[in-house]
Amino acid sequence: MAYFCQNVLKIAASSIAGHGNSARFAAYRLSSTAVPSYQHIIVEKQGAKTNVGVITLNRPKALNALCDALMREVSTALDELEKDKDVGAVVITGSEKAFAAGADIKEMVSNTFSQVYGGNFLNHWNRVSTCKKPVIAAVNGYALGGGCELAMMCDIILAGENAKFGQPEIAIGTIPGAGGTQRLIRSVGKSKAMEMCLTGLPITAQEAEKLGLVSRVLPPKELVAEAIKMGEKIASHSKLIVAMCKESVNQAYETTLQEGLLFEKRTFHTTFATADRKEGMTAFAEKRPPNFTDS
Ligand code: CAA
């Protein structure tokens, strides 16, 4: 792939420095291919078939605060992973201490209204939610402010037992600016979303699971491996049908029930125009595994 770079060892070394996790390094050497000269993230392909893209946020000294350059790198990585025909799912993760402690406050501190309004500040973060491939957030530690918002832009959130989700912007004189007031309410309901946004206090992984913000809570050390396993399962299906399914589920966010049901029905009908629908059903009838061609 064009985006694979030569400095594999350099990136791996920074991975170790950032995470102190030699087990992941071993997995990386065995079954992944690393990517370009990103400064704030590590991008790998993981899994037995190297078909799961893993983006690791890597600004350990700033608890993965989401500076502009980091989020631009995430966008570029998603562009590349989206183009990569082998990749069937993407995992975004951080360190055991922090998924991300929010937008970079020090970078924002001197911004003026005319700058942020004129430049549509944070607009490009939306790239995560427009990825056609499923994106799984594997959240250990702090997911605060923009970190919580980044997780909510993903399709599935898995949390480590130590994860903390919160929208603390109110405490620094601002409000969530990357979906916190909108996506949170759709996950946890109005009262809890208001409580979190207005008090700025975080919730635990266990509360987040109860509220439906995350789908599973796992031991921190198993989290990323489980997310990759989930990514591999998704990647084992037809990528074409997976994309259609994701688009259909996302319609529930955007539209009325009647319109959403119609969208789903038409998308379901459209699967009958694909080779993979025919193959999937034929394989079931013939009691064999399907051989999807993503067509
Ligand atoms: N931006 C910039 N730097 C940050 C940061 C952030 N969001 N969060 C942490 N850091 C930096 C700290 O400044 C510190 O750097 P130095 O060592 O250079 O001083 C380093 O990361 C470690 O942080 P702490 O010493 O504060 O670590 P802690 O363990 O004592 O506390 C914490 C951890 C509770 C997460 C605390 O760092 C914190 O409250 N961070 C800010 C959280 C926040 O307010 N996030 C919202 C940001 S605004 C936003 O996200 C807007 C939006 O909607 C997009």
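A residue is near a molecule if one of its heavy atoms lies within 4 Å of that molecule. The model is predicted, with local features needing pLDDT of at least 70 and side-chain atom pairs pLDDT 80 or more, while totals for chains, interfaces and linings use all residues. Residues are numbered from 1 along each chain as its sequence is written, and side-chain values use heavy atoms, without hydrogens and water.

**Exercise 1.** Determine how many residues surround the ligand, and how they divide by class.

Solution. Begin with the count: 25 residues surround the ligand, and the closest are A103, K106, G146, E149 and G177. Then sort the shell, taking Ala, Val, Leu, Ile, Met, Phe, Trp, Tyr, Cys and Pro as nonpolar, Asp, Glu, Lys and Arg as charged, and the others, Gly among them, as polar; this yields 15 nonpolar, four polar and six charged residues.

**Exercise 2.** Identify which atoms of A101, K61 and E149 make polar contacts with the ligand.

Solution. Take pairs of N or O atoms within 3.5 Å as polar contacts. From the backbone, an N or O atom of A101 lies 2.9 Å from a ligand nitrogen, and a polar atom of K61 is 3.4 Å from a ligand oxygen. From the side chain of E149, an N or O atom is 2.7 Å from an oxygen atom of the ligand. Finally, consider cover: of the 980 Å² of accessible area (Shrake-Rupley method, 1.4 Å probe) that the ligand has on its own, the protein covers 65%.

Methods
A polar contact is a pair of N or O atoms within 3.5 Å; within protein, one must be able to donate a hydrogen and the other to accept it, and residues adjacent in sequence count only if both atoms are side-chain atoms.
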